[in-house]
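User: I'm new to reading protein models and would like a guided tour. Could you take me through this one, feature by feature?

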Amino acid sequence: MQRVRPKKALGQHFLTDMGVAKRIAATLDEYASLPVLEIGPGTGVLTQFLLQSHPASLLTLVEIDSESVLWLEEHLQQPQPRIVEADFLAENFDALLPGDGPVCVIGNYPYNISSQIFFKILDHRNRVVCCSGMLQREVAERLTAPAGTKARGILSVLLQAWYDAEYLFTVSEHVFNPPPKVKSGVIRLTRNNVTDLGVDEGLFKTVVKTTFGQRRKTIRNSIRALLPPGATMAEDELGAMRPEQLSVEQFIELTRRVAVLRGTMAQEE
């Protein structure tokens, strides 16, 4: 069979450095007994190292490119992991990994859909105990950005409410075929012990998205759109901050205040 051709429409950049692939696979070494889902395995550069630490029976590959699927079926060692030709974003997560037990997710994620992938991981946080892999460095830095940094954004806060986020290392653009125009970053998300934020989760998301939608404004001003007419936040330190400065705990407190103000105004009416 001929080599698999990287397809621009699928955002494919095939990793050619085996040392980097081995380091990425090693991020799941401590989870060798758990099922693993690899997203976008391509020609199996990462897969071959995952198979050194995980039984093939615990590994599922989901690949949208039929040419890559054929390559994997012809070239992966026996016994082979389960290979599913599908679009991860469109596929039912529990159909890919049946059951309700803990699982891990890994991949060299396509740059053009990486944020969407992590939003889907969030939807299944009660099963995904570890998620690691490589994506565009700018996005990797954003997902792991701590409070007080400019890179911090909506997905930073939403992910870090449920996961400990680590930026592990940077990967040069010169170890891919074809080379991307930017560097890549490898991250790892490890599920924390939070089971309940203590506030309405839907309102929490709305508060995070609303404030970052007006990130140049102070919290006191950006949050007004969520409050009933006449309601205002107290003039304190939290209200004077901007969204990238807030920790997850401060966003939870902000959500609690919004809920109280909404409830108070409703009672007065």
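Analyst: Here is a walk from the overall layout to the sheet, its strands, the cores and the cysteines. This is a predicted model, where local features need pLDDT of at least 70, side-chain atom pairs count only at pLDDT 80 or more, and totals for chains, interfaces and linings use all residues. Residues are numbered from 1 along each chain as its sequence is written, and side-chain values use heavy atoms, with hydrogens and water left out.

User: How many helices and strands does the chain have?

Analyst: Helices (H or I, at least four residues) and strands (E, at least two) are DSSP runs, numbered from the N terminus. In this chain there are 11 helices and nine strands. The C-alpha trace spans about 70 × 40 × 30 Å along its principal axes.

User: What share of the chain's residues is buried?

Analyst: "Buried" means under 20% relative accessible area, "exposed" means over 50%, and "partly exposed" is in between (1.4 Å probe, protein chains only). Of the 269 residues in the chain, 50% are buried. For contacts, we ask for heavy atoms within 4.5 Å. Among the chain's contacts with a separation of 6 or more, 68% are between residues 24 or more positions apart.

User: Now the sheet. What is the order of its strands?

Analyst: Strands pair if DSSP finds at least two bridges between them. Here seven strands form an open sheet with mixed pairing, in the order β4-β3-β2-β5-β6-β9-β7. At the edges stand β4 and β7 (163-171), each with a single partner strand, so one side of each has no neighbour in the sheet. On average, neighbouring strands are turned by 15° against each other, direction ignored.

User: Which way do the side chains of β3 point?

Analyst: In a regular strand the side chains alternate between the two faces of the sheet. In β3, Leu59, Leu61 and Glu63 point one way, while Thr60 and Val62 point the other way, and all are buried. Since five of the five residues of β3 (residues 59-63) are buried, the strand is largely enclosed by the rest of the structure.

User: Which strands does β3 pair with?

Analyst: On one pairing, β2 (residues 36-39) runs parallel to β3, joined by four bridges; there, Ile39 has Val62 as its bridge partner. Four bridges also join β3 to β4 (residues 82-85), again running parallel, with Thr60 opposite Arg82.

User: What links these parallel strands along the chain? I'd like to follow the path.

Analyst: Look for crossovers. One is right-handed if, with the strands pointing away from the viewer, the path from the first strand over the helix to the second runs clockwise. β2, helix α2 (residues 47-53) and β3 make a right-handed β-α-β unit. Another right-handed unit is made of β3, helix α3 (residues 66-75) and β4.

User: Which residues of α3 are buried?

Analyst: An α-helix has 3.6 residues a turn, so residues three or four places apart point the same way. The buried residues of α3 are Glu67, Ser68, Val69, Trp71 and Leu72, and they pack against β1 (14-15), β3 and β4.

User: Where is Ser132, and is it buried or exposed?

Analyst: Ser132 sits in strand β6 (residues 128-136) and is buried, with a relative accessible area of 0%. Not counting residues up to four places away in sequence, Ser132 touches residues including Thr27, Val105, Gly107 and Ile187. As for pairing, β6 runs parallel to β5 (residues 103-108), with six bridges between them, and Gly107 stands opposite Gly133.

User: What about nonpolar cores?

Analyst: A nonpolar core is a set of buried Ala, Val, Leu, Ile, Met, Phe, Trp, Tyr and Cys residues joined through side-chain atoms within 4.5 Å. The largest has 52 residues, and Phe88, Phe204 and Phe251 are among those with the most contacts inside it. Apart from that core lies another of 30 residues, including Tyr31 and Val69.

User: How many disulfides are there, and why is Cys130 not in one?

Analyst: A disulfide is a pair of cysteine sulfur atoms within 2.5 Å. The whole structure has zero disulfides. The closest cysteine sulfur to that of Cys130 belongs to Cys104, 5.1 Å away, which is too far for a bond. Cys131 is in no disulfide either, with the nearest cysteine sulfur, that of Cys130, 7.2 Å away. Cys130 is buried at 0% relative accessibility, and Cys131 is buried at 1%.

Key
Axes are lines fitted to C-alpha atoms, for helices over the stretch in contact, and angles run from 0 to 180 degrees between N-to-C directions.
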